[in-house]
Amino acid sequence: MFRSSIYKTPEQLRLMVEPGLATAASLAAARAKIVAGASTLDVDAVAEAAIIARGGASNFKLVPGYRHTICASVNDEVVHGIPSTRVLLPGDIVSIDSGAILGGWNGDSAITVVIPGGDAHETPRREELSRVTEGSLWAGIARLARAKHLNEVGDAIQTYIENEGDALGQNYGILTEYIGHGIGRSMHEEPPVFNYRVRQKGPDVKPGLVVAIEPMVVMHSPETYVKDDEWTVATSDGGAASHWEHTVAVHAGGVWVLTAEDGGAAGLAPFGVTPTPIA
Ligand code: MG
Ligand code: MG
């Protein structure tokens, strides 16, 4: 069903370490720049500088028609927001998606940051949305470490969101129109990675599989539309959105989160999973 070439060799996995770290560096730089008064173009500039400093290049700029290093999606925007002179405000929820190509191999990762301040009722709700979305990503990665088939990842993500959302009396929505993906020499490769429960088992989870897992979670309805700029995906009801993503390798020794500086150790610890460096 899936070509055997979706599985990378150990040597190819090693080549994906540096682009993963360059991607992580760009998001660390972006995170530090996400403050009230900065523009999303300011965030874009520091993200690109961090990738170049590590000897890489932005892979988003290789997407036809796209001129920026990051996507910056603010408040009702979920993914694919274009950096602009828009000035960030207290209470804004900001999702930054970034990727580096280095030595011909790709990384892809996203974070969400809520700027302190703003509405005393809404800001904590946005922080909680981001916390649950990030937690669901780690739950999915933890499941990948033990999974037989790739669809177990989406099941773990959705279960986590349902449990955490219910605990708060929240009914979060999970986007189903946009999904994760394999990654390697191209940023987007087979197989598709569903960030929610699907019946099809998907490919075997075994050494050589490298996937970008990326739950997109919104405050209410998962219905979206594309704004007039023809890129930005936003919620139809205007509810806030969060997007977290990591590039994760399955190898002979276990899993390693290529776009986390610690390989995912901190994020996976609550799930009893210890990542193993790629030998
Ligand atoms: Mg991405
Ligand atoms: Mg992606």
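Two strands count as paired here if DSSP finds at least two bridges between them. With that in mind, here are some close-up views of this predicted model.

**View 1. A three-stranded open sheet with antiparallel pairing.** Look for 3 strands that form an open sheet, in the order E3-E14-E13. Strand E3 (77-79) and strand E13 (224-226) stand at the edges; each has a single partner strand, so one side of each is left without a neighbour in the sheet. From one strand to the next, the twist averages 40°. E3 and E14 pair in the antiparallel sense over 2 bridges. To find your way along this pair, start from Glu77, whose bridge partner in E14 is Ala234. As a reminder, strands of a sheet pair through backbone hydrogen bonds, either parallel or antiparallel.

**View 2. Thr235, a buried residue of the sheet.** Thr235 is found in strand E14 (residues 233-235). Its relative accessible area is 1%, under the 20% cut-off, and therefore Thr235 counts as buried. What does Thr235 touch, not counting residues up to four places away in sequence? The list is Asp76, Val78, Val218, Glu223, Thr224 and Tyr225. Of these contacts, Val78 lies within the range of E3 (77-79), while Thr224 and Tyr225 lie within that of E13 (224-226).

**View 3. Two loop residues with positive phi.** Most residues other than glycine have a negative phi. His80 departs from this, with phi near 70°, and so does Glu230, whose phi is also near 70°. His80 sits in the loop between E3 and strand E4 (93-98), whereas Glu230 belongs to the loop between E13 and E14. Is each residue buried or exposed? His80 counts as partly exposed, at 30% relative accessibility. Glu230 is exposed, and its relative accessible area is 68%.

**View 4. The cis peptide bond between Glu190 and Pro191.** Most peptide bonds are trans. The bond shown here, joining Glu190 and Pro191, is cis, with omega about -5°. To place it in the fold, note that Pro191 is found in strand E10 (residues 189-193).

**View 5. Helices H2 and H3 crossing.** The axes of helix H2 (residues 17-33) and helix H3 (residues 40-53) come within 8 Å and cross at roughly 150°. Angles over 145° count as roughly antiparallel, so that is how H2 runs relative to H3. The crossing in which H2 passes H3 is right-handed. On the H2 side, the contact is made by Ala22, Ala25, Ser26, Ala29, Ala30 and Lys33. H3 contributes Asp42, Val43, Val46, Ala47, Ala50 and Ile51. Sorted by class, this contact has 9 nonpolar, 1 polar and 2 charged residues. Among the charged residues are Lys33 of H2 and Asp42 of H3, and Ser26 of H2 counts as polar.

**View 6. Gln158, a buried residue of a helix.** Gln158 lies in helix H5 (residues 151-167). At 16% relative accessibility, Gln158 falls under the 20% cut-off and so counts as buried. Which residues does Gln158 contact, leaving aside its neighbours within four places in sequence? They are Ile174, Tyr196 and Arg197.

Terms used. Residues are numbered from 1 along each chain as its sequence is written. Chains are lettered from A and ligands numbered from 1 in the order in which they are written. This is a predicted model: local features need pLDDT of at least 70, side-chain atom pairs count only at pLDDT 80 or more; totals for chains, interfaces and linings use all residues. Side-chain values use heavy atoms; hydrogens and water are left out. Axes are lines fitted to C-alpha atoms, for helices over the stretch in contact, and angles run from 0 to 180 degrees between N-to-C directions. Helices (H or I, at least four residues) and strands (E, at least two) are DSSP runs, numbered from the N terminus. Angles under 35 degrees count as roughly parallel, over 145 as roughly antiparallel, 65 to 115 as roughly perpendicular and the rest as oblique. A crossing is left-handed if the near helix is turned anticlockwise from the far one by less than a right angle, and right-handed if clockwise. Contact means heavy atoms within 4.5 Å. Buried means under 20% relative accessible area, exposed over 50%, partly exposed in between (1.4 Å probe, protein chains only).
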